[in-house]
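Morning, everyone. I have one structure to go through today, and I will keep it short.

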Amino acid sequence: MTMAKWKVGIVSCSGEEIPEGTISRIATRLVLEKLRPDETVTICLPLFLAGGEGERTFAKLFPTITVDGCEKRCAKIGTEKYSGKPFATVVVTDVLKKCPNLTLKSRDELSTEEWEFAEKVAEEIAERVDEALRRQNEQLRSEKQ
Amino acid sequence: MSEKGKVVVVACAGMDKPLGSVTSASVFKVVEELRPQKVELVCIPPLLAGVSLHSELIMDLPVITVDGCAERCATKLIVKSGGKIRGRIFVPDSAKKHNLLPESASHLGPNGEKLAENIAEEIASVVDTLTKEI
């Protein structure tokens with residue numbers, strides 16, 4: 001019998017209004033396509049909020065990581081409202097505090113520094129993915145014993 | 001220009017589809033290059049999170065929705081939130097019309113960029129029509 005592989009759902013804010021939203025989306029894509037392609041899927045936040053049953057069911061059954069551009073934390077609030085508490089939340093403005101010399105300017109074309117920052121946010125997300133999977137494996141092991 | 005002379009644009013974020021990325025790119029072109037003085041870009045999630053400024057904007061100003069797929073989440077969520085939709089752009093239709101498709105969600109490529117430009121022009125045209133009526 002083949003066991004279904006655990007995946008982690010990443011719910012990114014759409015954040016079109018601010019540069020931090022663009023960083024959220026790019027960092028999420030970096031995780032999905034480069035850093036943890038086999039371990040992650042994305043959940044489309046507008047579809048999730050509009051009532052997408054597939055998205056909501058997935059988020060109830062699998063661990064989720066929300067990625068919010070700003071302190072409104074819409075992805076986290078939406079996930080909690082419709083599915084359950086996310087395993088972890090990454091807030092771009094919190095990560096930005098670790099880079100005091102960086103000011104985000106563009107919503108569209110990222111500068112080299114902004115790309116490097118998006119990669120840093122992606123690495124933080126990937127660390128949370130690893131934690132979530134580690135937790136799942138520990139849980140499975142303890143259930144078997 | 002006062003907010004009363006403006007139009008709200010609400011676009012799907014479309015993280016999981018290439019045309020969602022085209023949607024985002026096209027609205028950025030409208031807001032940052034084509035009609036920066038006439039458009040307020042409103043994110044979808046804060047509407048559902050109950051951020052009051054966003055709710056007031058979609059109630060007070062005409063809204064253009066830009067949807068990246070057949071789910072039409074932007075349109076559905078504005079209807080659900082009580083906003084007045086005065087214009088709608090359906091990106092898959094525009095892609096067919098212009099016979100252009102992006103390479104992927106993370107890399108639009110030349111065709112995807114061209115499609116985003118064409119859709120931005122379509123949105124700007126609707127903005128102009130609506131702002132003349134206000």
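I will take chain A first, then a piece of chain B, then the core and the contact between the chains.

One caution before that: this is a predicted model.

Start with chain A. Its secondary structure comes to six helices and four strands. If you follow the sequence, the order is β-α-β-α-α-β-α-β-α-α. The radius of gyration of chain A is 15 Å, close to the 15 Å from the globule rule for 145 residues, so chain A is as compact as a globular protein of that length. In terms of extent, the C-alpha trace of chain A spans about 50 × 30 × 20 Å along its principal axes. Of the 145 residues of chain A, 45% count as buried. As for contacts, take those in chain A with a separation of 6 or more: 68% of them are between residues 24 or more positions apart.

Now to chain B, and one piece of its fold. Strand E3, residues 63-67, and strand E4, residues 85-90, both of chain B, pair in the parallel sense. The pairing runs over five bridges. To give you one place to look, Thr65(B) has Arg88(B) as its bridge partner in E4(B). Put H4(B) together with E3(B) and E4(B), and you have a right-handed β-α-β unit.

Next, the core. Which residues touch the most other members of the largest nonpolar core? They are Ile125(A), Val9(B), Val66(B) and Ile123(B), out of 76 residues in that core. The element that gives the most to this core is helix H6 of chain A, residues 112-144, with eight residues. In general, nonpolar side chains in soluble globular proteins tend to be buried together.

Let me stay with Ile123(B) for a moment. Leaving aside neighbours within four places in sequence, Ile123(B) is in contact with Val9(B), Ser26(B), Val27(B), Val30(B), Ile64(B), Val66(B) and Ile89(B). Val9(B) and Val66(B) in that list were also named a minute ago for the core.

Last, the contact between the chains. Chain A puts in 26 residues, and chain B puts in 26 residues. On the chain B side, the elements that give two or more residues are helix H1 (18-34), helix H2 (45-49) and helix H4 (73-81). H1(B) gives the most to that side, with five residues. By class, the side of chain B that touches chain A has 19 nonpolar, three polar and four charged residues. H4(B), then, turns up twice: in the β-α-β unit and on the side that touches chain A.

That is what I have.

Technical notes. Residues numbered from 1 in each chain as written. Chains lettered and ligands numbered in written order. Predicted model: local features only at pLDDT ≥ 70, side-chain atom pairs only at ≥ 80, totals over all residues. Core = buried A, V, L, I, M, F, W, Y, C linked by C-beta atoms within 7 Å. Buried ≥ 20, exposed ≤ 12 C-beta atoms within 10 Å, placed from the backbone. Contact = placed C-beta atoms within 7 Å. Nonpolar A, V, L, I, M, F, W, Y, C, P; charged D, E, K, R; others polar. Rg over C-alpha atoms; globule rule 2.2 N^0.38 Å. Pairing = 2+ DSSP bridges. Right-handed = clockwise from strand over helix to strand, strands pointing away.
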